[in-house]
Amino acid sequence: MTTPHIGPAARYEVLVPPPADASTRARSGRLTLTHGVVETPQFMPVGTNATVKALSPDDIRTAGASIILANTYHLYLRPGHERIARLGGLHTFMDWDGPILTDSGGFQVVSLGDLRVVDDDGVTFRSHLDGSTHRFTPELAVDVQEALGSDIAVALDQPVFPSSPRAVVAEATERTHRWAERSLAAHSRADQALFGIVQGGLEPDLRAASTQFIASLPFDGICIGGLAGDETPEQRDTALDVAIPLLADDPRPRYLMGLGSPADLLEAVHRGVDLFDSVLPARVARNGQLWVPGGRINLRNERFLDDPAPVQDDCPCLLCRRFSRAYLAHLFRARELLAYRLATCHNLTFTLDFMARIRAAIQAGTFPAKMTELRVRAGRISSGEGAEKSA
Ligand SMILES: [Zn+2]
(Lines give C-alpha, C1' and ligand atoms only; values in the text may rest on other atoms or scores of the structure.)
Protein backbone atom coordinates (compact mmCIF):
# COMPACT_ATOMS: atom_id res chain seq x y z
CA MET A 1 0.00 0.00 0.00
CA THR A 2 1.31 3.45 -0.85
CA THR A 3 1.22 5.89 1.99
CA PRO A 4 -2.12 7.69 1.77
CA HIS A 5 -1.75 11.41 1.71
CA ILE A 6 -4.21 13.39 3.71
CA GLY A 7 -4.01 16.65 1.87
CA PRO A 8 -4.17 20.08 3.45
CA ALA A 9 -7.90 20.18 2.66
CA ALA A 10 -8.70 17.36 5.10
CA ARG A 11 -7.04 16.38 8.34
CA TYR A 12 -8.45 13.44 10.29
CA GLU A 13 -7.44 12.64 13.82
CA VAL A 14 -8.71 9.54 15.62
CA LEU A 15 -9.37 10.83 19.14
CA VAL A 16 -10.59 7.56 20.68
CA PRO A 17 -9.51 4.40 18.84
CA PRO A 18 -11.43 1.13 19.19
CA PRO A 19 -10.74 -0.64 22.50
CA ALA A 20 -8.01 -3.29 22.60
CA ASP A 21 -10.51 -5.97 23.67
CA ALA A 22 -12.14 -5.78 20.19
CA SER A 23 -15.61 -5.45 21.75
CA THR A 24 -16.37 -2.83 19.10
CA ARG A 25 -14.71 -1.13 16.12
CA ALA A 26 -16.47 2.14 16.99
CA ARG A 27 -14.10 5.09 17.21
CA SER A 28 -14.39 8.83 17.50
CA GLY A 29 -12.42 11.41 15.61
CA ARG A 30 -12.18 14.92 14.30
CA LEU A 31 -12.21 15.77 10.60
CA THR A 32 -10.90 19.27 9.86
CA LEU A 33 -12.04 20.68 6.52
CA THR A 34 -11.74 24.03 4.76
CA HIS A 35 -15.04 25.31 6.18
CA GLY A 36 -14.92 23.77 9.63
CA VAL A 37 -14.54 20.80 11.93
CA VAL A 38 -16.67 17.64 11.90
CA GLU A 39 -16.75 15.39 14.97
CA THR A 40 -17.17 11.73 14.04
CA PRO A 41 -19.15 9.49 14.00
CA GLN A 42 -21.35 12.00 12.21
CA PHE A 43 -24.50 12.17 10.10
CA MET A 44 -24.78 14.49 7.08
CA PRO A 45 -28.26 15.80 6.19
CA VAL A 46 -28.85 15.76 2.44
CA GLY A 47 -29.45 19.01 0.58
CA THR A 48 -30.15 17.62 -2.87
CA ASN A 49 -30.86 20.90 -4.69
CA ALA A 50 -28.60 23.07 -2.48
CA THR A 51 -31.30 23.05 0.19
CA VAL A 52 -32.28 20.55 2.85
CA LYS A 53 -35.93 20.38 1.86
CA ALA A 54 -38.14 22.77 3.88
CA LEU A 55 -35.28 24.09 6.06
CA SER A 56 -33.28 27.31 6.15
CA PRO A 57 -29.53 27.16 6.84
CA ASP A 58 -30.29 28.40 10.38
CA ASP A 59 -32.72 25.50 10.87
CA ILE A 60 -30.04 23.06 9.72
CA ARG A 61 -27.46 24.52 12.09
CA THR A 62 -29.92 24.59 15.01
CA ALA A 63 -30.75 20.93 14.39
CA GLY A 64 -27.09 20.21 15.12
CA ALA A 65 -25.65 19.65 11.64
CA SER A 66 -21.95 20.35 11.18
CA ILE A 67 -21.71 19.15 7.56
CA ILE A 68 -24.26 18.65 4.80
CA LEU A 69 -24.31 16.80 1.50
CA ALA A 70 -25.31 18.26 -1.86
CA ASN A 71 -25.98 16.26 -5.03
CA THR A 72 -23.62 16.90 -7.95
CA TYR A 73 -26.00 15.38 -10.51
CA HIS A 74 -28.91 17.63 -9.57
CA LEU A 75 -26.83 20.83 -9.36
CA TYR A 76 -25.08 20.07 -12.66
CA LEU A 77 -28.48 19.83 -14.38
CA ARG A 78 -30.10 22.71 -12.51
CA PRO A 79 -29.07 25.49 -12.03
CA GLY A 80 -25.71 24.37 -13.50
CA HIS A 81 -22.33 24.24 -11.80
CA GLU A 82 -20.88 27.04 -13.90
CA ARG A 83 -23.69 29.35 -12.86
CA ILE A 84 -23.12 28.46 -9.19
CA ALA A 85 -19.39 29.13 -9.65
CA ARG A 86 -20.13 32.56 -11.18
CA LEU A 87 -22.36 33.33 -8.20
CA GLY A 88 -19.50 32.64 -5.80
CA GLY A 89 -19.66 28.88 -5.28
CA LEU A 90 -22.07 26.60 -3.44
CA HIS A 91 -21.40 27.93 0.08
CA THR A 92 -22.24 31.50 -0.96
CA PHE A 93 -25.10 30.44 -3.22
CA MET A 94 -26.98 28.60 -0.46
CA ASP A 95 -25.57 30.66 2.44
CA TRP A 96 -24.21 27.65 4.31
CA ASP A 97 -20.79 28.47 5.73
CA GLY A 98 -20.05 25.01 7.15
CA PRO A 99 -18.49 22.01 5.40
CA ILE A 100 -20.24 20.51 2.36
CA LEU A 101 -19.65 17.11 0.77
CA THR A 102 -20.76 16.68 -2.84
CA ASP A 103 -21.41 13.15 -4.05
CA SER A 104 -20.04 12.17 -7.45
CA GLY A 105 -23.37 11.89 -9.20
CA GLY A 106 -22.67 8.24 -9.91
CA PHE A 107 -25.55 6.94 -7.84
CA GLN A 108 -28.13 9.24 -9.45
CA VAL A 109 -26.81 8.69 -12.98
CA VAL A 110 -26.57 4.93 -12.70
CA SER A 111 -29.95 4.59 -10.99
CA LEU A 112 -31.64 6.19 -14.03
CA GLY A 113 -32.09 2.69 -15.44
CA ASP A 114 -33.15 2.80 -19.09
CA LEU A 115 -32.16 6.46 -19.33
CA ARG A 116 -28.41 5.77 -19.24
CA VAL A 117 -25.62 3.80 -20.92
CA VAL A 118 -22.37 3.01 -19.08
CA ASP A 119 -19.13 2.44 -21.01
CA ASP A 120 -15.53 2.37 -19.93
CA ASP A 121 -15.05 6.08 -20.50
CA GLY A 122 -18.15 7.34 -18.67
CA VAL A 123 -21.94 7.42 -18.51
CA THR A 124 -24.32 8.87 -21.08
CA PHE A 125 -27.69 9.69 -19.61
CA ARG A 126 -30.93 11.53 -20.22
CA SER A 127 -31.87 14.30 -17.81
CA HIS A 128 -34.82 13.37 -15.57
CA LEU A 129 -35.89 17.04 -15.92
CA ASP A 130 -36.19 17.56 -19.67
CA GLY A 131 -34.90 14.42 -21.41
CA SER A 132 -31.78 16.17 -22.74
CA THR A 133 -28.71 13.98 -23.26
CA HIS A 134 -25.59 14.41 -21.08
CA ARG A 135 -22.33 12.60 -20.50
CA PHE A 136 -20.50 12.21 -17.18
CA THR A 137 -16.88 11.12 -17.10
CA PRO A 138 -14.67 10.88 -14.02
CA GLU A 139 -12.96 14.08 -15.17
CA LEU A 140 -16.22 15.99 -15.62
CA ALA A 141 -17.52 14.85 -12.22
CA VAL A 142 -14.34 16.32 -10.66
CA ASP A 143 -14.68 19.54 -12.70
CA VAL A 144 -18.29 20.00 -11.61
CA GLN A 145 -17.41 19.49 -7.94
CA GLU A 146 -14.44 21.84 -8.17
CA ALA A 147 -16.75 24.49 -9.64
CA LEU A 148 -19.25 23.93 -6.82
CA GLY A 149 -16.38 24.31 -4.33
CA SER A 150 -17.45 21.66 -1.83
CA ASP A 151 -15.09 20.77 1.03
CA ILE A 152 -15.16 17.11 0.00
CA ALA A 153 -15.54 15.86 -3.56
CA VAL A 154 -16.16 12.20 -4.37
CA ALA A 155 -14.76 10.20 -7.30
CA LEU A 156 -17.26 8.96 -9.90
CA ASP A 157 -18.12 5.30 -9.42
CA GLN A 158 -20.48 2.76 -10.92
CA PRO A 159 -22.75 1.54 -8.14
CA VAL A 160 -24.88 -1.56 -8.72
CA PHE A 161 -27.61 -3.09 -6.63
CA PRO A 162 -26.14 -5.26 -3.87
CA SER A 163 -28.16 -8.22 -5.19
CA SER A 164 -26.70 -7.93 -8.73
CA PRO A 165 -25.10 -11.04 -10.28
CA ARG A 166 -21.42 -11.51 -9.49
CA ALA A 167 -20.27 -10.73 -13.05
CA VAL A 168 -22.13 -7.41 -12.99
CA VAL A 169 -20.61 -6.49 -9.62
CA ALA A 170 -17.12 -7.49 -10.79
CA GLU A 171 -17.27 -5.41 -13.95
CA ALA A 172 -18.65 -2.33 -12.16
CA THR A 173 -16.02 -2.66 -9.44
CA GLU A 174 -13.16 -2.83 -11.95
CA ARG A 175 -14.54 0.19 -13.77
CA THR A 176 -14.89 2.07 -10.47
CA HIS A 177 -11.19 1.41 -9.82
CA ARG A 178 -10.10 2.82 -13.18
CA TRP A 179 -12.35 5.83 -12.68
CA ALA A 180 -10.84 6.35 -9.21
CA GLU A 181 -7.37 6.73 -10.71
CA ARG A 182 -8.67 9.11 -13.39
CA SER A 183 -10.47 11.18 -10.75
CA LEU A 184 -7.27 11.60 -8.76
CA ALA A 185 -5.38 12.62 -11.90
CA ALA A 186 -8.05 15.21 -12.73
CA HIS A 187 -8.38 16.73 -9.28
CA SER A 188 -6.52 20.01 -8.79
CA ARG A 189 -8.27 22.09 -6.16
CA ALA A 190 -6.00 22.30 -3.10
CA ASP A 191 -8.75 23.47 -0.72
CA GLN A 192 -10.97 20.49 -1.56
CA ALA A 193 -10.57 16.92 -0.27
CA LEU A 194 -11.24 13.97 -2.58
CA PHE A 195 -12.73 10.69 -1.36
CA GLY A 196 -12.68 7.39 -3.30
CA ILE A 197 -15.43 4.76 -3.31
CA VAL A 198 -15.11 1.07 -2.50
CA GLN A 199 -17.52 -1.20 -4.38
CA GLY A 200 -17.60 -5.00 -4.50
CA GLY A 201 -21.24 -5.67 -3.67
CA LEU A 202 -21.89 -8.54 -1.29
CA GLU A 203 -19.09 -10.73 -2.71
CA PRO A 204 -16.51 -10.97 0.10
CA ASP A 205 -13.49 -11.37 -2.21
CA LEU A 206 -14.56 -8.51 -4.50
CA ARG A 207 -15.35 -6.29 -1.51
CA ALA A 208 -11.95 -7.05 0.03
CA ALA A 209 -10.05 -6.46 -3.22
CA SER A 210 -11.89 -3.19 -3.82
CA THR A 211 -11.17 -1.99 -0.29
CA GLN A 212 -7.47 -2.73 -0.72
CA PHE A 213 -7.32 -1.10 -4.13
CA ILE A 214 -9.09 2.13 -3.17
CA ALA A 215 -7.09 2.30 0.07
CA SER A 216 -3.87 2.04 -1.95
CA LEU A 217 -4.69 5.32 -3.71
CA PRO A 218 -3.96 8.76 -2.22
CA PHE A 219 -7.57 9.72 -1.43
CA ASP A 220 -8.39 11.80 1.66
CA GLY A 221 -11.17 9.45 2.75
CA ILE A 222 -12.76 6.11 1.91
CA CYS A 223 -16.41 5.81 0.91
CA ILE A 224 -18.07 2.43 1.24
CA GLY A 225 -20.51 2.28 -1.66
CA GLY A 226 -22.95 -0.23 -3.05
CA LEU A 227 -24.67 -0.79 0.30
CA ALA A 228 -27.78 0.76 1.90
CA GLY A 229 -29.62 -0.66 -1.11
CA ASP A 230 -31.61 -3.88 -1.32
CA GLU A 231 -29.37 -5.92 0.98
CA THR A 232 -30.48 -7.25 4.38
CA PRO A 233 -28.92 -5.74 7.54
CA GLU A 234 -27.05 -9.03 8.01
CA GLN A 235 -25.58 -8.87 4.50
CA ARG A 236 -24.55 -5.26 5.12
CA ASP A 237 -22.89 -6.20 8.41
CA THR A 238 -21.00 -9.00 6.66
CA ALA A 239 -19.73 -6.63 3.94
CA LEU A 240 -18.58 -4.15 6.60
CA ASP A 241 -16.89 -6.95 8.50
CA VAL A 242 -14.88 -7.65 5.35
CA ALA A 243 -13.99 -4.05 4.50
CA ILE A 244 -13.39 -2.27 7.80
CA PRO A 245 -10.77 -4.63 9.30
CA LEU A 246 -8.70 -4.07 6.14
CA LEU A 247 -8.74 -0.37 7.00
CA ALA A 248 -7.89 -0.87 10.68
CA ASP A 249 -4.51 0.86 10.39
CA ASP A 250 -5.63 3.37 7.77
CA PRO A 251 -5.62 6.97 9.04
CA ARG A 252 -8.52 8.16 6.87
CA PRO A 253 -12.24 8.59 7.62
CA ARG A 254 -14.69 5.90 6.44
CA TYR A 255 -18.03 6.96 5.01
CA LEU A 256 -20.93 4.56 4.41
CA MET A 257 -23.08 6.16 1.74
CA GLY A 258 -26.84 6.29 2.01
CA LEU A 259 -27.62 4.85 5.44
CA GLY A 260 -30.03 6.78 7.66
CA SER A 261 -32.25 5.03 10.22
CA PRO A 262 -31.01 5.41 13.81
CA ALA A 263 -30.86 1.63 14.27
CA ASP A 264 -28.79 1.17 11.10
CA LEU A 265 -26.46 4.05 12.00
CA LEU A 266 -25.77 2.54 15.41
CA GLU A 267 -24.86 -0.89 14.04
CA ALA A 268 -22.58 0.61 11.38
CA VAL A 269 -20.77 2.81 13.93
CA HIS A 270 -20.25 -0.36 15.97
CA ARG A 271 -18.57 -1.86 12.90
CA GLY A 272 -16.26 1.11 12.48
CA VAL A 273 -17.96 3.64 10.17
CA ASP A 274 -17.31 7.36 10.77
CA LEU A 275 -19.61 9.24 8.36
CA PHE A 276 -23.14 8.80 7.02
CA ASP A 277 -25.70 10.55 4.85
CA SER A 278 -29.31 9.83 3.97
CA VAL A 279 -32.51 11.53 2.85
CA LEU A 280 -34.43 9.17 5.15
CA PRO A 281 -34.98 11.33 8.30
CA ALA A 282 -36.26 14.25 6.21
CA ARG A 283 -38.27 12.09 3.79
CA VAL A 284 -40.16 10.20 6.49
CA ALA A 285 -40.73 13.49 8.35
CA ARG A 286 -42.53 14.91 5.34
CA ASN A 287 -44.77 11.82 5.44
CA GLY A 288 -45.71 12.53 9.05
CA GLN A 289 -43.39 9.93 10.63
CA LEU A 290 -41.65 11.45 13.66
CA TRP A 291 -38.75 9.67 15.31
CA VAL A 292 -38.89 9.53 19.10
CA PRO A 293 -36.98 7.48 21.69
CA GLY A 294 -38.06 3.88 21.22
CA GLY A 295 -39.44 4.14 17.69
CA ARG A 296 -41.63 6.42 15.61
CA ILE A 297 -45.08 7.97 15.74
CA ASN A 298 -47.28 8.80 12.76
CA LEU A 299 -48.78 12.27 13.08
CA ARG A 300 -51.36 11.44 10.42
CA ASN A 301 -52.98 9.13 12.99
CA GLU A 302 -56.28 10.58 14.21
CA ARG A 303 -55.47 10.05 17.87
CA PHE A 304 -52.90 12.87 17.81
CA LEU A 305 -55.52 15.51 16.88
CA ASP A 306 -56.41 15.89 20.58
CA ASP A 307 -52.91 15.37 22.03
CA PRO A 308 -51.58 18.54 23.69
CA ALA A 309 -48.14 17.04 24.46
CA PRO A 310 -45.03 17.86 22.44
CA VAL A 311 -43.83 15.18 20.01
CA GLN A 312 -40.90 14.50 22.37
CA ASP A 313 -40.71 15.94 25.89
CA ASP A 314 -36.99 16.67 26.16
CA CYS A 315 -36.35 17.62 22.51
CA PRO A 316 -34.88 21.11 21.93
CA CYS A 317 -36.13 21.41 18.33
CA LEU A 318 -38.34 24.17 16.96
CA LEU A 319 -41.36 21.82 16.88
CA CYS A 320 -41.09 20.37 20.36
CA ARG A 321 -40.24 23.66 22.11
CA ARG A 322 -43.33 25.48 20.89
CA PHE A 323 -46.01 23.23 19.43
CA SER A 324 -48.18 20.24 20.34
CA ARG A 325 -48.73 16.94 18.58
CA ALA A 326 -52.30 18.16 17.99
CA TYR A 327 -51.07 21.23 16.13
CA LEU A 328 -48.67 19.27 13.92
CA ALA A 329 -51.35 16.63 13.23
CA HIS A 330 -53.67 19.47 12.16
CA LEU A 331 -50.99 20.99 9.88
CA PHE A 332 -50.44 17.65 8.14
CA ARG A 333 -54.18 17.17 7.59
CA ALA A 334 -54.49 20.69 6.18
CA ARG A 335 -51.35 20.13 4.06
CA GLU A 336 -49.88 23.31 5.51
CA LEU A 337 -46.26 23.93 4.50
CA LEU A 338 -45.13 24.57 8.08
CA ALA A 339 -45.74 20.87 8.83
CA TYR A 340 -42.82 19.87 6.60
CA ARG A 341 -40.42 22.35 8.20
CA LEU A 342 -41.35 21.43 11.78
CA ALA A 343 -41.31 17.66 11.20
CA THR A 344 -37.96 17.82 9.37
CA CYS A 345 -36.42 19.97 12.11
CA HIS A 346 -37.46 17.32 14.62
CA ASN A 347 -36.22 14.22 12.78
CA LEU A 348 -32.86 15.81 12.00
CA THR A 349 -32.52 17.00 15.59
CA PHE A 350 -33.32 13.47 16.80
CA THR A 351 -30.81 11.90 14.39
CA LEU A 352 -27.99 14.35 15.13
CA ASP A 353 -28.63 14.09 18.89
CA PHE A 354 -28.47 10.31 18.57
CA MET A 355 -25.06 10.59 16.89
CA ALA A 356 -23.93 12.94 19.69
CA ARG A 357 -24.98 10.31 22.24
CA ILE A 358 -22.99 7.69 20.36
CA ARG A 359 -19.91 9.95 20.28
CA ALA A 360 -20.25 10.70 24.00
CA ALA A 361 -20.40 6.98 24.81
CA ILE A 362 -17.35 6.24 22.66
CA GLN A 363 -15.42 9.09 24.24
CA ALA A 364 -16.38 7.91 27.73
CA GLY A 365 -15.28 4.36 26.88
CA THR A 366 -18.79 3.09 27.60
CA PHE A 367 -20.04 2.45 24.04
CA PRO A 368 -20.19 -1.38 24.26
CA ALA A 369 -21.97 -1.16 27.61
CA LYS A 370 -24.43 1.41 26.23
CA MET A 371 -25.31 -0.53 23.07
CA THR A 372 -28.52 -1.95 24.57
CA GLU A 373 -29.69 1.46 25.76
CA LEU A 374 -28.89 2.98 22.37
CA ARG A 375 -30.66 0.16 20.51
CA VAL A 376 -33.77 0.79 22.63
CA ARG A 377 -33.61 4.53 21.85
CA ALA A 378 -33.26 3.74 18.13
CA GLY A 379 -36.33 1.52 18.24
CA ARG A 380 -34.22 -1.49 17.26
CA ILE A 381 -35.43 -3.40 20.29
CA SER A 382 -38.27 -2.63 22.69
CA SER A 383 -37.52 -1.41 26.21
CA GLY A 384 -38.80 -4.78 27.48
CA GLU A 385 -36.24 -6.65 25.37
CA GLY A 386 -33.61 -4.13 26.47
CA ALA A 387 -34.38 -4.81 30.11
CA GLU A 388 -34.06 -8.56 29.51
CA LYS A 389 -30.79 -8.22 27.62
CA SER A 390 -29.17 -5.97 30.20
CA ALA A 391 -30.47 -8.09 33.11
ZN1 LIG B 1 -38.34 17.78 18.49
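A residue counts as buried under 20% relative accessible area, as exposed over 50%, and as partly exposed in between (1.4 Å probe, protein chains only). The structure is a predicted model, in which local features need pLDDT of at least 70, side-chain atom pairs count only at pLDDT 80 or more, and totals for chains, interfaces and linings use all residues. Residues are numbered from 1 along each chain as its sequence is written, and side-chain values use heavy atoms, with hydrogens and water left out.

**Exercise 1.** Determine what share of the protein chain is buried and what supplies its exposed area.

*Solution.* Step one: 55% of the 391 residues are buried. Step two: the chain exposes about 15900 Å² (Shrake-Rupley method, 1.4 Å probe). Of this area, 51% comes from carbon and sulfur atoms.

**Exercise 2.** Compare the radius of gyration of the protein chain with that of a compact globule.

*Solution.* Step one: the radius is taken over C-alpha atoms, and the globule rule is 2.2 Å times the number of residues to the power 0.38. Step two: for 391 residues a compact globule would have a value near 21 Å, and the chain has 21 Å, so the two agree. Step three: the C-alpha atoms fill a box of roughly 60 × 50 × 40 Å along the principal axes.

**Exercise 3.** State the confidence of the model, and locate stretches where the pLDDT is below 50.

*Solution.* Step one: the mean pLDDT (the predictor's confidence in each residue, from 0 to 100) is 94, and 96% of residues reach 70 or more. Step two: residues 1-5 lie below 50, with eleven contacts (heavy atoms within 4.5 Å) beyond near neighbours in sequence. Step three: residues 386-391 are also below 50, and this stretch has six such contacts.
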